[in-house]
Amino acid sequence: MFYTVWGFGCGIRTVHTLLTCGVTLLLLLHHTDLSSQENVWIHLQPLVFVLMVTCSTALYYGVSLMDPGYVLSDCDEKYPLSAENDRQEKTSLSPGAVRMRRCGYCFLKQPMRARHCKSCQRCVRRYDHHCPWIENCVGEKNHRVFILYLALQLLVLLWAVHIAWSGLHPVGTWGEWLRTNIFLLAALVVMVVCTVVVSLLLVSHMYLISCNVTTWEFMSHHRIAYLKQCDPDTNPFDRGLIRNLWSFFCTCGNVVWERVYFRDTINTV
């Protein structure tokens, strides 16, 4: 945790906070729809906007600082089996089955779908990717918070783009207009770029979640041992759209992905 808070990520989080506060202050002080005297909701709209920005920033810090699902020890990978399942495991998960591998960096046994992150120097359960903007991994424990952050951030950005656009009033000549609106125009460009990036991230993640695939698995299917044994068009973790979404958003605690991976084999023994 000390490395996460005070490492390189501290500078990234500082930049994010300063940029967010600066753009928000600019929108509040500039003459836009947010501060228009003709608006009936003159007091409510700025309050709601600031509240949404605050919640978005809080989620950013939450997903940035929380444990993404670090593999702490070999003991974490032991899970109870009934006597019947134990017999099934010995028969169905024998020689040809995929075995847990030991990490070559931290020397811990990795559960299925885990991966070692060289930036965090830890193994992460259900590793999705290492996000440089939050300077943290996205894994089993913080992936849902990451999606919630992206969704709220997108709403804030879309509203902020609308506010900034409403403040670009024509004033005299082009040179005078540019001098008057230079900061607002710069903020608008930054927000449009961020909106495109966040939109693409949110859409791509929702698609992968609906298929129960991580970004790492999607990008490196041909290099992952437990996926190379399957057909290229087959996803062993896919349980259908509804169950995939339910499992992602409503399941608490660690998931034993070995059970999901071998479910068809176990059920037929």
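**Exercises on a predicted chain**

**Exercise 1.** Find the helix in which Val 190 lies, and decide whether Val 190 counts as buried, partly exposed or exposed.

*Solution.* Val 190 belongs to helix 6, which covers residues 174–211, in a model that is predicted. The next step is to take its relative accessibility, which is 33%, and to set it against the cut-offs, where buried means under 20% and exposed means over 50%. Val 190 therefore counts as partly exposed. As a last step, look at the surface around this residue: together with Val 15, Leu 19 and Trp 133, Val 190 makes a nonpolar surface patch of about 330 Å².

**Exercise 2.** Work out how helix 2 and helix 3 are oriented to each other, and name residues that make their contact.

*Solution.* Begin with the axes of helix 2 (residues 8–29) and helix 3 (residues 44–65), which come within 11 Å and cross at roughly 175°. Angles over 145 degrees count as roughly antiparallel, so helix 2 is roughly antiparallel to helix 3. The contact involves residues of helix 2, including Ile 12, His 16 and Leu 27, and residues of helix 3, among them Phe 49, Val 53 and Tyr 60.

**Exercise 3.** Place Lys 228 in its helix, classify its exposure and list the residues it touches, leaving out those up to four places away in sequence.

*Solution.* Lys 228 is found in helix 8, which runs over residues 225–228. Its relative accessibility is 53%, and because exposed means over 50%, Lys 228 counts as exposed. With residues up to four places away in sequence not counted, Lys 228 touches His 221, His 222 and Arg 223.

How values were computed
Residues are numbered from 1 along each chain as its sequence is written. This is a predicted model: local features need pLDDT of at least 70, side-chain atom pairs count only at pLDDT 80 or more; totals for chains, interfaces and linings use all residues. Side-chain values use heavy atoms; hydrogens and water are left out. Patches are made of residues with over 30% relative accessible area and no salt bridge: like charges are joined within 9 Å, nonpolar side chains (Val, Leu, Ile, Met, Phe, Trp, Tyr) within 5 Å. Accessible areas come from the Shrake-Rupley method with a 1.4 Å probe; for residues, only the protein chains shown count as cover. A salt bridge is a side-chain nitrogen of Lys or Arg within 4 Å of a carboxyl oxygen of Asp or Glu. Helices (H or I, at least four residues) and strands (E, at least two) are DSSP runs, numbered from the N terminus. Buried means under 20% relative accessible area, exposed over 50%, partly exposed in between (1.4 Å probe, protein chains only). Axes are lines fitted to C-alpha atoms, for helices over the stretch in contact, and angles run from 0 to 180 degrees between N-to-C directions. Angles under 35 degrees count as roughly parallel, over 145 as roughly antiparallel, 65 to 115 as roughly perpendicular and the rest as oblique. Contact means heavy atoms within 4.5 Å.
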